[in-house]
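Reader: Could you take me through one part of this model at close range, namely how two of its helices pack, and then move on to the aromatic residues? I would enjoy a connected account.

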Amino acid sequence: MKIFLLGANGQVGWELQRSLAPLGAIMACNRHSGNLENLDDLSTLIRDYCPEIIVNAAAYTAVDNAESEPEKAYQINTKAVDFLAQEAKQLNAWFIHYSTDYVFDGDKKGVYLENDTPNPQSVYGQTKFAAEEAIKKSQCQHLIFRTAWVYSLRGANFVKTIIRLAKEREELKIVTDQIGAPTSAELIADVTALCLYKIAQNKNTLSNLIGLYHLTPEGETSWHGFAQFIIAELAGMGVEFRANFENIVPISTSEFPLPAKRPANSLLETKIICRTFNLKLPQWQFHAQRLLKELFSQQAI
């Protein structure tokens, strides 16, 4: 298979370069070589390569900045995605795309299902939901993975921020009234590869696989709980912090206002993806522990 990958240097894209490699030849593009703000050049690149699979791991993810840069967020998260879906349709290629818990308002009690009605409360969420709709409207063969609370060894994310702040400060104040399942980019990439392998092996039933799926690990925590987990795990390895476990103070969202509204509930039901692709998703702690051990072994803390 020929795979065209966008966002190759991001958290998920970097892991996808590894996980997709056994499936075929990959043209991996970063934000410069695959610029989502220059669709003419991107079209030439795609049509010259003529991929069987287009994987879009690129996005405008600066959630708060999107409130003041809605046009740029719309260009990258919606208009460019619509374009990529149309290109996939023209080439009869599969289009793989990643969406977000931000398409929901977060007010539901219990986990969100794939068919729950989206109600995004931020520019970021609105542009990501519009992209989902554009993909469906294009009628291309597609997999849309909604995920949440993404972290990895690469790039800026909550895990690295907590480690840095805990070394700088004696006390951390972390939001406790937002819940979700921290999701490793490694897990997202590996599940993507497994799903694409199943597609390659089941060409007679592909129409049954097209669709939108929730993709997060099992279990739940709050941002406060996740921060405590990070510090406790690393402290157990001998890492010293100025802020210890007891000095991670729970606060409410209202005490830490930000430009973009966050969903209070980011829990996504994953039964459909597990049943369709015969998967068993691990508890969220599994990949979090792996990442922290890797950081410790690299002496990157």
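**A helix crossing and the aromatic pairs**

Author: Happily. Helices α1 and α6 are oblique to each other, because their axes cross at roughly 45° and an angle that is neither roughly parallel, roughly antiparallel nor roughly perpendicular counts as oblique. Please keep in mind that this is a predicted model. Helix α1 covers residues 11-20 and helix α6 residues 185-201, and their axes come within 8 Å. The crossing of α1 past α6 is right-handed.

Now to the residues that make this contact. On the α1 side they are Q11, V12, E15, L16, R18, S19 and L20. On the α6 side you will find A185, E186, I188, A189, D190, T192, A193 and L196. Sorted by character, the residues of this contact comprise 8 nonpolar, 3 polar and 4 charged.

Let us turn to the aromatic rings. A pair of such rings is described by the distance of the centres and the angle of the planes. The model has 12 aromatic pairs. One of them joins F145 and Y213, with 6.4 Å from centre to centre and 40° between the planes, a tilted arrangement. This pair links distant parts of the chain, as F145 belongs to strand β5 (residues 141-147) and Y213 to strand β10 (residues 211-214), 68 residues apart. Both F145 and Y213 are buried.

Another tilted pair is formed by Y151 and F226, whose centres are 5.8 Å apart and whose planes make an angle of 55°. Here, too, distant parts of the chain are linked: Y151 sits in strand β6 (residues 150-151), F226 in helix α7 (residues 223-236), and 75 residues separate them. Y151 and F226 are buried as well. If you widen the view, Y151 and F226 also belong to one aromatic cluster, together with W149, F158, W223, F229 and W284.

While you are looking at helix α7, do stop at G225, which is also found there. G225 has a relative accessible area of 18%, and buried means under 20%, so G225 counts as buried. Its C-alpha lies 8.8 Å from that of P250, and the two residues are 25 apart in sequence.

Key
Residues numbered from 1 in each chain as written. Predicted model: local features only at pLDDT ≥ 70, side-chain atom pairs only at ≥ 80, totals over all residues. Heavy atoms only, no water. Axes fitted to C-alpha atoms, helices over the stretch in contact; angles between N-to-C directions. Helix = DSSP H or I, 4+ residues; strand = E, 2+ residues; numbered from the N terminus. Parallel < 35°, antiparallel > 145°, perpendicular 65-115°, else oblique. Left-handed = near helix turned anticlockwise from the far one by under 90°. Contact = heavy atoms within 4.5 Å. Nonpolar A, V, L, I, M, F, W, Y, C, P; charged D, E, K, R; others polar. Phe/Tyr/Trp six-rings, centres within 6.5 Å; stacked < 30°, edge-to-face > 60°. Buried < 20%, exposed > 50% of the residue type's maximum accessible area, 1.4 Å probe, protein only.
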